[in-house]
There are 2 protein chains.
Amino acid sequence: MSSELEVLRDYLQQHGLRFTPERESIVREIFSRHDHFTVDELYLGLRQKRAISRASLYRTIPLLIEAGLISEVFQDSGQTRYEHTYGHEHHCHLRCQNCGEVVEFHEPVLDDLEARVAAEHGYISSGHRLEVLGTCPSCQKKSSLRN
Amino acid sequence: MSSELEVLRDYLQQHGLRFTPERESIVREIFSRHDHFTVDELYLGLRQKRAISRASLYRTIPLLIEAGLISEVFQDSGQTRYEHTYGHEHHCHLRCQNCGEVVEFHEPVLDDLEARVAAEHGYISSGHRLEVLGTCPSCQKKSSLRN
DNA sequence: GTAATTGCAAACCGTTTGCAAACCG
DNA sequence: CGGTTTGCAAACGGTTTGCAATTAC
């Protein structure tokens, strides 16, 4: 069981890339937060510790995805949101269309369904993304007050 | 059972909006194609019949989504892809990460799962989006040839 | 008649890229 | 030392918006 930094180091080495302090800081920052972040939020969070350009963030993110450390979660009004996934059980998202609140849930059934659907069409599956949309309890209250 | 144009007309009327020839053409074009289109593809398709500005397309699409005629399918290298959904059974997508091929499939289990997951968190659900990712048969062959 | 809609062109904004200096191995 | 990485600023491309003319109702 290796840490995210070891995963990064190994990935870089295997691809003839370099382990730089910038890349280390980015991974540290990403694994210190537990939210669905945008590149800009990451930039602002990092800025307090070490100045890193947005360009480097944009260049690093594809590497981290390739290395299996993070993944795209969804699009939020034009911006992509990411989460760290390495070391975490796969999960899906339940999102309130009104306020944007996100709840994570785990449904083992989906793994079987993924494999079955893929097989039925001759595909080899490599993952799935399920988003359930709805209205959260507190937004339900708010809208019932308005009526 | 009403047609897509009637749905459009009703939606517009109920919201104090106008039924224009442009909006009619857009809906006709969308329901004449059976693919996952981008705004630009729609623009090029329409252009042959009636010139409509991209601005009008961008302004009309949110209305059609609100009216329940179309929905976003997924992001494809920066562009949003849509499909017409009115009159069609809800389905999900199996996508090849290599060539982008998309297969649609229907899994009734997901409707139950959607309702159950939502209920468990006090949500009222309004839909779900599941994307299964993998490698299609023909891309599997290609990659086995390379090795 | 009057408010909604259209097309145009400019603005917007997240993301990508060319380049020269800095730096990892 | 050589090739990679960085930061900067400019470019890019999809989408949004202000405005004046047009049009649905």
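In this predicted model, the buried residues of helix α5(A) are covered by elements of both chains, including β3 (92-96) and β5 (124-135) of chain A and, from chain B, β3 (92-96), β4 (102-105), α5 (109-120) and β5 (124-135). The buried residues in question are A:Leu110, A:Leu113, A:Glu114, A:Val117 and A:Ala118. Viewed down the axis of α5(A), these buried residues fall within an arc of 125 degrees and therefore line one face of the helix. An α-helix has 3.6 residues a turn, so residues three or four places apart point the same way. The face turned away from the buried side of α5(A) carries the exposed residues A:Asp112, A:Ala119 and A:Glu120. At 1.5 Å a residue, the twelve residues of α5(A) should span 16 Å, and the 17 Å between its end C-alpha atoms agrees with this expectation. Just after α5(A), A:Gly122 adopts a positive phi of about 75 degrees.

The sheet on which α5(A) packs draws on both chains. Six strands form an open sheet of mixed pairing, in the order β4(A)-β3(A)-β5(A)-β5(B)-β3(B)-β4(B). The edges are occupied by β4 of chain A and β4 of chain B; each has a single partner strand, so one side of each is left without a neighbour in the sheet. On average, and with direction ignored, neighbouring strands of this sheet are turned by 20 degrees against each other. Within chain B, β3(B) and β4(B) pair in the antiparallel sense over four bridges, and B:Leu94 stands opposite B:Val103 in β4(B). Helix α5(A) touches β3 and β5 of chain A together with β3, β4 and β5 of chain B, and its direction makes about 125 degrees with that of β5(A). Helix α5(B), in turn, lies across β3, β4 and β5 of chain A together with β3 and β5 of chain B, running at about 125 degrees to β5(B).

The relation between the chains was examined by superposition. A turn of 179 degrees with a shift of 0.1 Å along the axis lays chain A on chain B with an RMSD of 0.1 Å. This is the relation of a two-fold axis. Of the residues of chain A, A:Leu130 comes closest to the rotation axis, its C-alpha lying at 2.1 Å. Because 100% of the interface residues of chain A are also interface residues in chain B, the copies meet through the same surface.

A further element of chain A is a hairpin. Strands β1 (residues 70-76) and β2 (residues 79-84) of chain A run antiparallel and are joined by six bridges. A:Asp76 stands opposite A:Gln79 in β2(A). Two residues lie between the strands of this hairpin, in which A:Ser77 takes a positive phi near 40 degrees.

Key. Residues are numbered from 1 along each chain as its sequence is written. Chains are lettered from A and ligands numbered from 1 in the order in which they are written. This is a predicted model: local features need pLDDT of at least 70, side-chain atom pairs count only at pLDDT 80 or more; totals for chains, interfaces and linings use all residues. Side-chain values use heavy atoms; hydrogens and water are left out. Two strands pair if DSSP finds at least two bridges between them. The expected span of a helix is 1.5 Å times one less than its number of residues. Buried means under 20% relative accessible area, exposed over 50%, partly exposed in between (1.4 Å probe, protein chains only). The arc is that of the directions from the helix axis to the C-beta atoms. Contact means heavy atoms within 4.5 Å. Copies are superposed by least squares on the C-alpha atoms of residues with pLDDT of at least 70 in both. Axes are lines fitted to C-alpha atoms, for helices over the stretch in contact, and angles run from 0 to 180 degrees between N-to-C directions.
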